[in-house]
Amino acid sequence: MNASLTTSDAQSAHMDRALSLAERAVGSVSPNPPVGAVLVKDDEVVGEGWTQPPGQAHAEIVAICQAGPKARGSTLYTTLEPCNHFGRTPPCTDAIIEAGIAEVRSAVSDPNPGVTGGGIARLTHAGVTTSVGDRADQGRRLIEGYVKFVTTGIPFVTAKFAMSLDGKIATRTGSSRWITGEEARAYAHEVRARSDAVMVGINTVLADDPQLTARDESGAPLNHQPLRVVVDSRGRTPSDARMLSEPGTTLIATADQTGAAGRRLSKHGAESSSSPAPDGLVDVDALLVLLGERGVTSVLVEGGSSLLGSFFDRALVDKVYAFIAPSIVGCAAAPSPVGGQGIERISDAMRLNDIEVMRLGADLAIVGYCEKRDDVHRNR
């Protein structure tokens, strides 16, 4: 193996390590992006880090502090272009220059329209060697929520549902526990933990009384919990709903302009907002704007079928996790995962791109991204 290939392989391995470190920050650092950083000097890793919660150190700073004097003359591998602006913390570019880092290799440029390229330009001007593009696809996938948020102001929306092989989420009597097995449910909790918010409709709350928490393999709630959002146009969430006694915050989105529902539920630990639509339901577009204003960059919509249908009808879904169990439920009256108005022609069906298929025990998970089409009619 020649020396250049060895160097290339080593560079790729260091960026892969930075990507794996960034994964540790997903779901817990919004509205900041999850970033991983690795400092290498003389083929030795001298510092590592990932983004800390808002107001704390960015990944690059953690790695620099760990490296200490060894940072001088080193190469920094980072999954995102270092920031060059003051936010809750000072610019990372200043710390990189002060530490004497010789080279910075970034997977992707910062997609923020007011920021992109600024960090690289600052470093280059200071004499630091820079490059962008190594593992770019993986880097962009890692910050997909951040990208949507900083370019549109609204969160990245993921739809998640579990169904039988014949497309049912429950029997005709409403029995639904459990459609999928333990491995699939454990993976679903990982997806939930990576999200800033998890959203359900009021019918799901009334039928299942879910906890809506992210839990570990033993069933214990994780330290960081996504915001729970209940779409409840008439404020019917019971005051003794299990989620209200769980760790984390619950937001009840109503269409009640009087605020009565919010005042009732606020006594039981829930916040409330009113986003009425002309049809008397919750305006989900306005709700996404509200969540964006709260710094929520990603939302996991878990059901039920009416809520998922409204998101698909309005072409608001960016990504889908569909869990499929090898079982047959039957009956025309048994519910399916996506309701709403739907489409009239099969040629108008929403198709998924970049498909990934996973085997989780006896179940399958199909993950993909919704195609974006200008001719999709957004039904109210």
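A polar contact here is a pair of N or O atoms within 3.5 Å, where one must be able to donate a hydrogen and the other to accept it. With that in hand, welcome to a short tour of this predicted model. One example of such a contact sits at Ser298, whose side chain has a polar atom 3.0 Å from the backbone nitrogen of Asp196. Around it, the briefing covers an open sheet of nine strands, an open sheet of five strands, and a few residues worth a look in your viewer.

**The nine-stranded sheet**

- Reading across this open sheet, the strands come in the order β10-β9-β8-β7-β11-β6-β12-β14-β13, and their pairing is mixed.
- The edges are taken by β10 (270–274) and β13 (352–360); each has a single partner strand, so one side of each has no neighbour in the sheet.
- On average, and ignoring direction, neighbouring strands here are turned by 20° against each other.
- At the β10 edge, β9 (residues 250–254) and β10 run parallel and are joined by five bridges.
- If you want one of the residue pairs to click on, Thr250 has Ala270 in β10 as its bridge partner.
- Helix α10 (residues 284–293) packs on this sheet and touches β6 (156–164), β7 (197–201), β8 (227–231), β9, β10 and β11 (298–303).
- The direction of α10 makes about 160° with that of β8.

**Aromatic residues**

- How many aromatic pairs does the structure hold? There are three.
- Phe156 and Tyr369 have ring centres 6.5 Å apart and ring planes at 65°; planes over 60 degrees apart count as edge-to-face, so this pair is edge-to-face.
- Phe156 belongs to β6 and Tyr369 to β14 (residues 363–370), so their pairing ties together parts 213 residues apart in sequence.
- Both partners are buried: Phe156 has a relative accessible area of 8%, and Tyr369 has one of 13%.
- Elsewhere, Tyr187, Tyr321 and Phe323 make up one aromatic cluster.

**Ser298 and its surroundings**

- Ser298 is part of strand β11.
- Is Ser298 buried or exposed? Its relative accessibility is 13%, and buried means under 20%, so Ser298 counts as buried.
- Leaving aside residues up to four places away in sequence, Ser298 touches Pro155, Phe156, Arg194, Ser195, Asp196 and Ala197.
- Two of these names appear above: Phe156 is a member of the edge-to-face pair, and Asp196 offers the backbone nitrogen 3.0 Å from the serine side chain.

**Helix α6**

- Helix α6 spans residues 144–152, and Glu144, Gly145, Tyr146, Lys148, Phe149 and Val150 are buried in it.
- The cover over these buried residues includes α5 (136–142), β6, α10, β12 (319–325) and β14.
- Just past the helix, Gly153 adopts a positive phi of about 85°.

**The five-stranded sheet**

- This second open sheet also has mixed pairing, and its strand order is β2-β1-β3-β4-β5.
- Its edge strands are β2 (44–50) and β5 (129–132), each with a single partner strand, so one side of each is left without a neighbour in the sheet.
- Neighbouring strands are turned by 15° against each other on average, with direction ignored.
- Four bridges pair β1 (residues 36–41) with β3 (residues 75–80) in the antiparallel sense.
- Within that pairing, Val38 has Tyr77 of β3 as its bridge partner.
- Helix α2 (residues 59–67) lies across β1, β2 and β3, and runs at about 140° to β2.
- Helix α4 (residues 118–125) also packs on the sheet; α4 touches β4 (103–108) and β5, and its direction makes about 155° with that of β5.

**Cysteines**

- Searching the whole structure turns up zero disulfides.
- For Cys92, the nearest cysteine sulfur is that of Cys83, 3.6 Å away; a disulfide is a pair of sulfur atoms within 2.5 Å, so a pair at that distance does not qualify.
- Cys92 is buried at 1% relative accessibility, whereas Cys331, at 35%, counts as partly exposed.

**Arg314 and its polar contact**

- Arg314 sits in the loop between α11 (305–313) and β12.
- Although in a loop, Arg314 counts as buried, with 12% relative accessibility.
- Which side chain does the side chain of Arg314 contact? The partner is Asp285, in a polar contact of 2.3 Å.

Methods: Residues numbered from 1 in each chain as written. Predicted model: local features only at pLDDT ≥ 70, side-chain atom pairs only at ≥ 80, totals over all residues. Heavy atoms only, no water. Pairing = 2+ DSSP bridges. Helix = DSSP H or I, 4+ residues; strand = E, 2+ residues; numbered from the N terminus. Axes fitted to C-alpha atoms, helices over the stretch in contact; angles between N-to-C directions. Contact = heavy atoms within 4.5 Å. Phe/Tyr/Trp six-rings, centres within 6.5 Å; stacked < 30°, edge-to-face > 60°. Buried < 20%, exposed > 50% of the residue type's maximum accessible area, 1.4 Å probe, protein only.
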